[in-house]
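Subject: Structure for your review

Hello,

Here is the structure we discussed. Please look it over; my notes follow below it.

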Amino acid sequence: MADTREYDLVLFGATGFVGKLTAEYLTGAAPESARIALAGRSLDKLTAVRDDLGPKAASWGLVVADSKDQAALDELAARTKVVVTTVGPYLRYGLPLVAACAKAGTHYADLTGEPLFIREAIDAYHEQAVATGAKIVNSCGYDSIPSDLSVYQLYRRTVEDNAGELVDTTLVASLKGGVSGGTIDSGRAMMEAVAADPAKGKVLSHPYSLSPDKSMDPDVGRQSDQALSRASAVDPSLDGWVSTFVMAAHNTKVVRRTNGLLGWVYGKNFRYREVMSAGRSRMAPLVAAGMAGGIVAGLTAGALLSRAAAGRKLLDRVLPKPGTGPDEKARKSGWFTMKTFAHTTSGAKYVATFSGTGDPGYQATAVLLGQSGLCLAFDTDNQPELAGILTPAAAMGDALTERLRAAGMTITVDRA
């Protein structure tokens, strides 16, 4: 991409909760010479956000654009090398910006946890983005960078050790943090879409629904995101119980798409799942059962309520609102640790650790998204030569890994 554009990076949705956190992070993480702009619907609100960021952001530009105004989004994309967007649910608001970036050859990063949105983006704009050289990178927050980069780095280590291909691989998530209103609203958007068109449910349920080539999908038997078992069933070193991880259904699809985008380098017998630690107390089995049952019950109830106007109004009243989040003390007290246990065709065993501080959905996500945008803007010479609708690992690989390590996150791979 020619370096003739007005900005290196534009943050779209800068006046929202996560947008503000990401803007604040960029004031400290971006190079002094970085040309950054804040974008959103209201010039007054953008000005207020920039003023609150202090002197480091005083020279940042302001761009007014609405997510439903295609002409404004086309102009925005043409002015910058990279667009980072927090404007969701992406299924409702995201495709026009993807269209603008694919057309202009502009790199893009978002926070989506919505397989339906990614599938629509692939079908509509992948080929155009390949032609223009745009890297359209989905899921650049806690969902799904730790999952995606952990498996990618496991693969890199097995190649270095000549240890064979990856086979059974399981991520165990441990975290302290809340579920954001935006995440819940994204879930609702997908439920409403499926209620309107039940055929879309296959995208949510099929493990390879984001595959780049259906004819190459591995035939490794049934793979389920539901879990309730002793942790030692994952690896003998673990105690306690594991249960269903609420984001597994999305993250696993992203990891499998990475494998396909890279030419199935993880292996054609690569099996992947994600679970969540339920602890080691006497109550852990009940906690694990409650977590697994609660997720299924919650999704079922949400799907049923989404079918009718009265049900949607009820959800409006009882669920957290988009754009809301915990206070600074709560955000800073959060943490996450993801351990991924992998086996290879040669019998070797590895464990990858990806951990960070701060509430995963807010504080840590601002770091993950901010560094993704900076990586797309400034590290293009160190990235895989891929374009199109991509995953974090397929788009940025080692370059993003090194950035996140430098930003204070732990990313390691050890042979067991």
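How much area does the protein expose, and what share of it do carbon and sulfur atoms supply? The exposed area is about 17500 Å², and carbon and sulfur atoms supply 52% of it. Please keep in mind that this is a predicted model.

Overall picture

The protein has 416 residues, and 53% of them count as buried. Its secondary structure comes to 15 helices and 14 strands. Among contacts with a separation of 6 or more, 78% are between residues 24 or more positions apart. Some of the pairs described below are examples of parts that are far apart in sequence, such as Pro 146 and Lys 339, which are 193 residues apart.

Salt bridges

The structure holds 14 salt bridges. I describe some of them here.

Glu 6 pairs with Arg 79, with 2.9 Å between the closest N and O atoms. Glu 6 sits in the segment before β1 (7–12), while Arg 79 is in the loop between α3 and β4 (80–85), so the bridge ties together parts that are 73 residues apart in sequence. Both ends are partly exposed: Glu 6 has a relative accessibility of 42%, and Arg 79 has a relative accessible area of 24%.

Asp 168 forms a salt bridge with Arg 271, and here the closest N and O atoms are 3.4 Å apart. Asp 168 belongs to strand β7 (residues 166–176) and Arg 271 to strand β10 (residues 271–279), so this pair ties together parts that are 103 residues apart in sequence. Asp 168 is partly exposed at 43% relative accessible area, and Arg 271 is partly exposed at 29%.

Lys 332 and Glu 328 also meet through their side chains in a salt bridge, at 2.9 Å from N to O. These two residues are in helix α13 (residues 328–333); because they are four residues apart there, about one helical turn separates them. Lys 332 is exposed, with 53% relative accessible area, whereas Glu 328 is partly exposed, with 45%. Elsewhere in the list, Asp 8, Arg 35 and Lys 81 are joined into one network by salt bridges that share partners.

Surface charge

Lys 20, Arg 41, Lys 45 and Lys 68 form a positive surface patch. Of these residues, Lys 68 is placed in the loop between β3 (61–64) and α3 (70–78). Lys 68 counts as exposed because its relative accessibility is 65%, and the cut-off for exposed is over 50%.

Buried residues

I also looked at three buried positions: Leu 166, Pro 146 and Arg 257.

Leu 166 is in strand β7, the strand that also holds Asp 168. Its relative accessibility is 1%, so Leu 166 counts as buried. Leaving out residues up to four places away in sequence, Leu 166 touches Val 151, Leu 154, Tyr 155, Thr 158, Tyr 266, Gly 267, Asn 269, Phe 270, Ala 342, His 343 and Thr 344. One of these, Phe 270, is 104 residues from Leu 166 in sequence, yet the two C-alpha atoms are 5.5 Å apart.

Pro 146 is part of helix α7 (residues 145–161). With a relative accessibility of 0%, Pro 146 counts as buried. Residues up to four places away aside, Pro 146 touches Gly 141, Phe 336, Met 338, Phe 354 and Leu 368. The C-alpha atoms of Pro 146 and Lys 339 are 9.5 Å apart, against a sequence separation of 193 residues.

Which kind of position does Arg 257 have, buried or exposed? Arg 257, in helix α10 (residues 248–261), counts as buried because its relative accessibility is 2%, and the limit for buried is under 20%. Not counting neighbours within four places in sequence, Arg 257 is in contact with Ile 122, His 126, Leu 210, Ser 211, Pro 212, Ile 389 and Thr 391. Arg 257 and Asp 148 are 109 residues apart in sequence and 9.6 Å apart in space, taken from C-alpha to C-alpha.

Regards

Key
Residues are numbered from 1 along each chain as its sequence is written. This is a predicted model: local features need pLDDT of at least 70, side-chain atom pairs count only at pLDDT 80 or more; totals for chains, interfaces and linings use all residues. Side-chain values use heavy atoms; hydrogens and water are left out. Patches are made of residues with over 30% relative accessible area and no salt bridge: like charges are joined within 9 Å, nonpolar side chains (Val, Leu, Ile, Met, Phe, Trp, Tyr) within 5 Å. Accessible areas come from the Shrake-Rupley method with a 1.4 Å probe; for residues, only the protein chains shown count as cover. A salt bridge is a side-chain nitrogen of Lys or Arg within 4 Å of a carboxyl oxygen of Asp or Glu. Lys and Arg count as positive and Asp and Glu as negative; His and the chain ends are not counted. The place of a charge is taken as NZ of Lys, CZ of Arg, CG of Asp or CD of Glu. Buried means under 20% relative accessible area, exposed over 50%, partly exposed in between (1.4 Å probe, protein chains only). Contact means heavy atoms within 4.5 Å.
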